[in-house]
Amino acid sequence: MSGQSTASAEMQFFSLVVRSGSLAAAARELGVTAPVVSRRLGQLEARLGVTLLNRTTRRIGLTTEGELYLTSARRILADIDDVERELTRSTTKPTGLLRINATLGFGRNQIAPLVSRFCKAHPQVQAQLQLSVNAPPLTDDSFDVCIRFGEPPDARVVARLLAPNRRLLCASPSYLARRGTPKSPRELATHDCISIRHGEDAYGVWRLRSGRREEIVKVHGAMSTNDGDIAVNWALDGHGILLRADWDVAKHLRSGRLRQVMENYETPPADVYAVYPHRHQFAGRVRAFVEFAAAAFARSTRASA
């Protein structure tokens, strides 16, 4: 265990004792006597000020504090292994389980195909992609990488910009012919607007900026959804005005099935970021996926320019 801190050595020792199932079995694996293991365990508990194991002559059992220490120890030791593999470059290929979270429509249309291509390029990685309406809390330990809109104001995570995200106001020609084309945010209040319920964003509130002036508009309409694809289809059917990302409506704008309105107004930035905890910044599988995603979005942005 040379080169490791006392704390990590104690974590390894405690994990081995629990895995062994008894002090005697742990002593045999370590090549020492059972009293030596018992004494070392007692020293660890004395330093922490808690009892980690309930002991009998033949078996051991974790206390509540012991379960907490074991869970944290295993996570920390795994992170240390990731750092050492990266720094020593003991492997040139990313391996292991990669857990990814993304929003519903964007995850299905953009991230799922990206994950497919990544796994073909890196067959030693096992990927789990979960889609959700709301992004998981930044402190959630159930994901390695989250793809989310807007840079998180939290120094506990790393945020890598993947792509700019420009949101556009658009509607079908049939709707505009029937209801007219709005010229200012104030006029939106008299139109049918299709709202998308996303995360903790204020529902039905659109923020529009022209130069330095920002206007906040409370829009109304008979139809709302939490799925962006559905909202786009409703706009194509002529149900109202939609605020949606450029890449979701670009093909419909090119074909003429949708028309952009109020082109001189911009919405708040909602760029696409890959977000991951600082402890994963040396994990080969995480870094490889983030670099792969950044390169893919860069190519897509250049192609559409």
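Reader: Is the crossing in which α1 passes α3 left-handed or right-handed?

Author: In this predicted model, α1 passes α3 in a left-handed crossing.

Reader: Why are α1 and α3 called oblique to each other?

Author: Helix α1 covers residues 6-20 and helix α3 covers residues 34-48, and the two pack at an angle of about 125° with their axes 11 Å apart. Angles of 65 to 115 degrees count as roughly perpendicular and those over 145 as roughly antiparallel. An angle of about 125° is in neither range, and α1 and α3 are therefore oblique to each other.

Reader: Which residues of α1 and α3 meet?

Author: From α1 they are A9, E10, F13, F14 and V17, and from α3 they are V37, R40, L41, L44 and R47. Sorted by class, this contact has 7 nonpolar and 3 charged residues, with no polar ones.

Reader: What makes E10 of α1 charged and F13 nonpolar in that count?

Author: Glu is in the charged class, with Asp, Lys and Arg, whereas Phe is listed as nonpolar.

Reader: How do you know that α1 and α2 are oblique to each other?

Author: Helix α2 spans residues 23-30, and α1 packs on α2 at an angle of about 120° with the axes 8 Å apart. The perpendicular range ends at 115 degrees and the antiparallel one starts over 145. The pair α1 and α2 is therefore classed as oblique. Here α1 passes α2 in a right-handed crossing. On the α1 side the contact is made by F13, L16, V17, R19 and S20, and on the α2 side by L23, A25, A26, E29 and L30. These divide into 7 nonpolar, 1 polar and 2 charged residues.

Reader: Why are α2 and α3 called roughly perpendicular to each other?

Author: Their axes come within 8 Å and cross at roughly 105°. The range for roughly perpendicular is 65 to 115 degrees. The value is in that range, and α2 and α3 are therefore roughly perpendicular to each other. The residues that touch are L23, A24, A26, A27 and L30 of α2, with A34, V37, S38 and L41 of α3. The contact holds 8 nonpolar residues and 1 polar residue, with no charged ones.

Reader: How many helices and strands does the protein have?

Author: There are 10 helices and 14 strands.

Reader: What is the order of the strands in the open sheet of 5 strands?

Author: The order is β4-β3-β5-β14-β6, and the pairing is mixed.

Reader: What makes β4 and β6 edge strands?

Author: Each of them, β4 at 125-132 and β6 at 157-163, pairs on one side only. The twist averages 25° from one strand to the next.

Reader: How do you know that β3 and β5 pair?

Author: Two strands pair if there are at least two bridges between them. β3 and β5 run parallel and are joined by 2 bridges, so the condition of at least two is met. In one place the bridge partner of I100 is V145 of β5.

Reader: In which sense, parallel or antiparallel, do β3 and β4 pair?

Author: Strand β3, residues 96-103, pairs with β4 in the parallel sense over 8 bridges. T103 stands opposite S132 in β4.

Reader: What makes the pairing of the sheet mixed?

Author: The sheet has mixed pairing, with β3 and β4 parallel and β5 and β14 antiparallel. Strand β14 covers residues 272-277 and shares 4 bridges with β5. C146 has V275 in β14 as its bridge partner.

Reader: Why is β5 said to be mostly covered?

Author: Of the 5 residues in β5 (145-149), 4 are buried. For the protein, buried residues make up 41% of the 305 residues.

Reader: Why does T63 count as buried?

Author: Buried means under 20% relative accessible area. T63 has 10%, so T63 counts as buried. This residue lies in the loop between β2 (60-62) and α4 (64-88). Leaving out residues up to four places away in sequence, T63 touches T51, L52, L53 and N54.

Reader: What makes P268 partly exposed?

Author: Its relative accessible area is 32%. Residues under 20% are buried, those over 50% are exposed, and those in between are partly exposed. P268 lies in the loop between β13 (259-260) and β14. Apart from its neighbours within four places in sequence, P268 is in contact with R207 and E214. The C-alpha atoms of P268 and W206 are separated by 9.2 Å, with their positions 62 residues apart along the chain.

Terms used: Residues are numbered from 1 along each chain as its sequence is written. This is a predicted model: local features need pLDDT of at least 70, side-chain atom pairs count only at pLDDT 80 or more; totals for chains, interfaces and linings use all residues. Side-chain values use heavy atoms; hydrogens and water are left out. Axes are lines fitted to C-alpha atoms, for helices over the stretch in contact, and angles run from 0 to 180 degrees between N-to-C directions. Buried means under 20% relative accessible area, exposed over 50%, partly exposed in between (1.4 Å probe, protein chains only). Angles under 35 degrees count as roughly parallel, over 145 as roughly antiparallel, 65 to 115 as roughly perpendicular and the rest as oblique. A crossing is left-handed if the near helix is turned anticlockwise from the far one by less than a right angle, and right-handed if clockwise. Contact means heavy atoms within 4.5 Å.
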